[in-house]
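Open the model in your viewer and keep the sequence panel visible. The tour below goes from one selection to the next and says what is found at each stop.

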Amino acid sequence: MGTINNYKGEIVEEPSELEFNRALQLLKQKVSGKEISTSNVLQDIYRLWDDWTAPAISVFSCQNGCSACCYLFTQVTKLEAEYIKGGLAGLSKERKKAIRSWSHKTLALIEKISASVKRHSDLEDKYLRKQVPCIFLKSSKCTIYDFRPLNCRAHLVLNNPHACRTIGQPRFL
């Protein structure tokens, strides 16, 4: 395992690629042996990702309550959408109603923006400039944190967290 400097200049250990590959191999064996359900495959993939990134958590400038990435246009797979739907079961009826309402507004905005752009990257840029929060964001916290998709888990910022707050110009590594 090597070391790298985080945004504070501290020397920290980076995640081991060998450990990640070993865990990925075990996951593949489980899937090929049909030992787990589809939703469990996602749980295992997410656990694998979280375990792999945990040793380097001090490298990332992301902190609990930071929601800068929650304004990015994020896509999910159908499988992830079903997994999130299962996670919504634990939310209050009031929160589910608010999410449903906000999702309709967000979808309408996405359709409007989509009609005015030719490239997907332009859609992402315009969406970010509108500062539309994720439908699952409440008081700068993710209400589906344990069920968040891999795209959300993969937003790991290494530089100063204040750079994330620059509207329309996120600086991700």
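A contact here means heavy atoms within 4.5 Å. Helices (H or I, at least four residues) and strands (E, at least two) are DSSP runs, numbered from the N terminus. This is a predicted model, in which local features need pLDDT of at least 70 and side-chain atom pairs count only at pLDDT 80 or more, while totals for chains, interfaces and linings use all residues. Residues are numbered from 1 along each chain as its sequence is written, and side-chain values use heavy atoms, with hydrogens and water left out.

**Whole chain**

Colour by secondary structure. The chain has six helices and four strands, in the order β-β-α-α-α-α-α-β-β-α along the sequence. Of the contacts between residues at least 6 apart in sequence, 68% join residues at least 24 apart. Next, switch on the surface. Its accessible area is about 11400 Å², with 54% belonging to carbon and sulfur atoms (Shrake-Rupley method, 1.4 Å probe; for residues, only the protein chains shown count as cover). Buried residues (under 20% relative accessible area; exposed is over 50%, partly exposed in between; 1.4 Å probe, protein chains only) make up 32% of the 173 residues.

**Helix H5**

Select residues 120–130, which are helix H5. Which residues of H5 are buried? They are Leu123, Tyr127 and Leu128. Looking down the axis of H5, these buried residues fall within an arc of 130°, so they line one face of the helix; the arc is that of the directions from the helix axis to the C-beta atoms. Add residues 93–115 to the selection: this is helix H4, part of what covers the buried residues of H5. Just after H5, pick glutamine 131, which has a positive phi of about 55°.

**Leucine 88**

Move to helix H3 (residues 78–88), where leucine 88 is located. Leaving aside residues up to four places away in sequence, leucine 88 touches Lys96, Ile99, Phe136 and Ile144. Draw a distance from its C-alpha to that of threonine 143: the two atoms are 8.8 Å apart, with these positions 55 residues apart along the chain.

**Helix H2 and the aromatic rings**

Select residues 38–53, helix H2, and go to threonine 53. Threonine 53 is buried, at 8% relative accessible area. Its contacts, not counting residues up to four places away in sequence, are Phe60 and Leu156.

Now show the aromatic side chains. A pair of aromatic rings is described by the distance of the centres and the angle of the planes. Rings of Phe, Tyr and Trp (its six-membered ring) pair if their centres lie within 6.5 Å; planes under 30 degrees apart count as stacked, over 60 as edge-to-face and the rest as tilted. The structure holds four such pairs. In one of them, tyrosine 46 and tyrosine 83 have ring centres 5.6 Å apart and planes at 65°, so the pair is edge-to-face. This pair links distant parts of the chain, with tyrosine 46 in helix H2 and tyrosine 83 in helix H3, 37 residues apart. Both tyrosine 46 and tyrosine 83 are buried. For tryptophan 49 and tryptophan 52, the centres are 5.6 Å apart and the planes at 55°, so the pair is tilted. Both tryptophans lie in helix H2, three residues apart, about one turn of the helix. Tryptophan 49 is buried at 18% relative accessibility, whereas tryptophan 52 is partly exposed at 25%.

Add Phe147 to the tyrosine selection: Tyr46, Tyr83 and Phe147 form one aromatic cluster.

**Charges over rings**

Finish with two arginines. A charge sits over a ring if NZ of Lys or CZ of Arg is within 6 Å of the ring centre and within 35 degrees of the ring normal. The charged end of arginine 153 sits over the ring of tyrosine 46, 3.9 Å from its centre. Arginine 148 lies over the face of tyrosine 145, 3.8 Å from the ring centre.
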